[in-house]
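These are my notebook entries on a structure I went through element by element. I set down what I looked up and what I found, beginning with a charged pair.

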Amino acid sequence: MKKKYEVTFKMINGEIGHLIEAKSLDRARKSIQDKFEQDLDSPVLALTDDLVLVKANVQFFMLKEYEGYPEED
């Protein structure tokens, strides 16, 4: 079962939050690290079709389990 995790990217000029799904915190962290390494020559990190970050602007990122609204039956 996948859980939701909130990724907060600390940028040079602010921060951006993004939700991802993974089976564990370690897998979520690895998923983000893999995205940084996939195309080392590319200056951008494409998280979704409408969310692209400039890699050089990302200072670090933090992950935490997302505590959203309870699911309805």
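**Entry 1: a salt bridge between strands.** I began with Lys-64, which forms a salt bridge with Glu-6, the closest N and O atoms being 4.0 Å apart. I then looked up where the two residues lie: Lys-64 is in strand β5 and Glu-6 is in strand β1, 58 residues apart, so I record the pair as a link between distant parts of the chain. Glu-6 is partly exposed, at 24% relative accessibility. I note here that the model is a predicted one.

**Entry 2: the sheet that holds this pair.** Which order do the strands take in the open sheet? I found three strands in the order β2-β1-β5, with antiparallel pairing. The edges are taken by β2 (14-22) and β5 (58-65); each has a single partner strand, so one side of each is left without a neighbour in the sheet. From one strand to the next, the twist averages 25°.

**Entry 3: β1 against β5.** I looked up the pairing of strand β1 (residues 3-11) with β5 and found it antiparallel, over seven bridges. I checked two positions on this side. Met-11 has Val-58 of β5 as its bridge partner, and Tyr-5 has Glu-65 of β5 as its own.

**Entry 4: β1 against β2.** How many bridges join β1 and β2? The two strands pair in the antiparallel sense over nine bridges. They form a hairpin, and two residues lie between them. Within this pairing I noted Thr-8, which stands opposite Gly-17 in β2.

**Entry 5: His-18 in β2.** I next looked up His-18, which I found in strand β2. Is this residue buried or exposed? His-18 counts as buried because its relative accessibility is 16%, and the cut-off for buried is under 20%. Leaving out residues up to four places away in sequence, I listed the contacts of His-18 as Tyr-5, Glu-6, Val-7, Phe-9, Leu-47, Thr-48 and Leu-51. Glu-6 in this list is the residue that forms the salt bridge with Lys-64.

**Entry 6: the helix on the sheet.** I turned to helix α1 (residues 25-38), which packs on the sheet and touches β1, β2 and β5. The direction of the helix makes about 155° with that of β5.

**Entry 7: Ile-32.** I chose Ile-32 as a residue to follow within helix α1. Ile-32 is buried, and its relative accessible area is 0%. Which residues does Ile-32 touch, not counting those up to four places away in sequence? I found Val-7, Phe-9, Ile-20, Leu-47 and Phe-61. For one of these contacts I also looked up the separation: Ile-32 and Phe-61 are 29 residues apart in sequence and 8.9 Å apart in space, C-alpha to C-alpha. Val-7, Phe-9 and Leu-47 are also among the residues that His-18 touches.

**Entry 8: salt bridges within the helix.** How many salt bridges does a search of the whole structure find? It finds four, and I looked up two of them in helix α1. Asp-26 forms one with Arg-29, with the closest N and O atoms 3.3 Å apart. These two residues are three places apart in the helix, about one turn. Asp-26 is exposed, with a relative accessible area of 56%, whereas Arg-29 is partly exposed at 33% relative accessibility.

Lys-30 and Asp-34 meet through their side chains in another salt bridge, at 2.9 Å from N to O. Both lie in helix α1, four residues apart, again about one turn of the helix. Lys-30 is partly exposed, with a relative accessible area of 46%, and Asp-34 is partly exposed as well, at 29% relative accessibility.

**Entry 9: a nonpolar patch.** Last, I looked at the surface. Which residues make the nonpolar surface patch of about 200 Å²? I found Val-44, Val-52 and Val-54. Val-44 belongs to strand β3 (residues 44-48). Its relative accessible area is 35%, so I record Val-44 as partly exposed. This value meets the requirement for patch residues, which is over 30% relative accessible area.

Definitions and conventions: Residues numbered from 1 in each chain as written. Predicted model: local features only at pLDDT ≥ 70, side-chain atom pairs only at ≥ 80, totals over all residues. Heavy atoms only, no water. Patch = residues over 30% accessible without salt bridge, like charges linked within 9 Å, V, L, I, M, F, W, Y side chains within 5 Å. Areas by Shrake-Rupley, 256 points an atom, 1.4 Å probe, with all protein chains shown as cover. Buried < 20%, exposed > 50% of the residue type's maximum accessible area, 1.4 Å probe, protein only. Pairing = 2+ DSSP bridges. Axes fitted to C-alpha atoms, helices over the stretch in contact; angles between N-to-C directions. Contact = heavy atoms within 4.5 Å.
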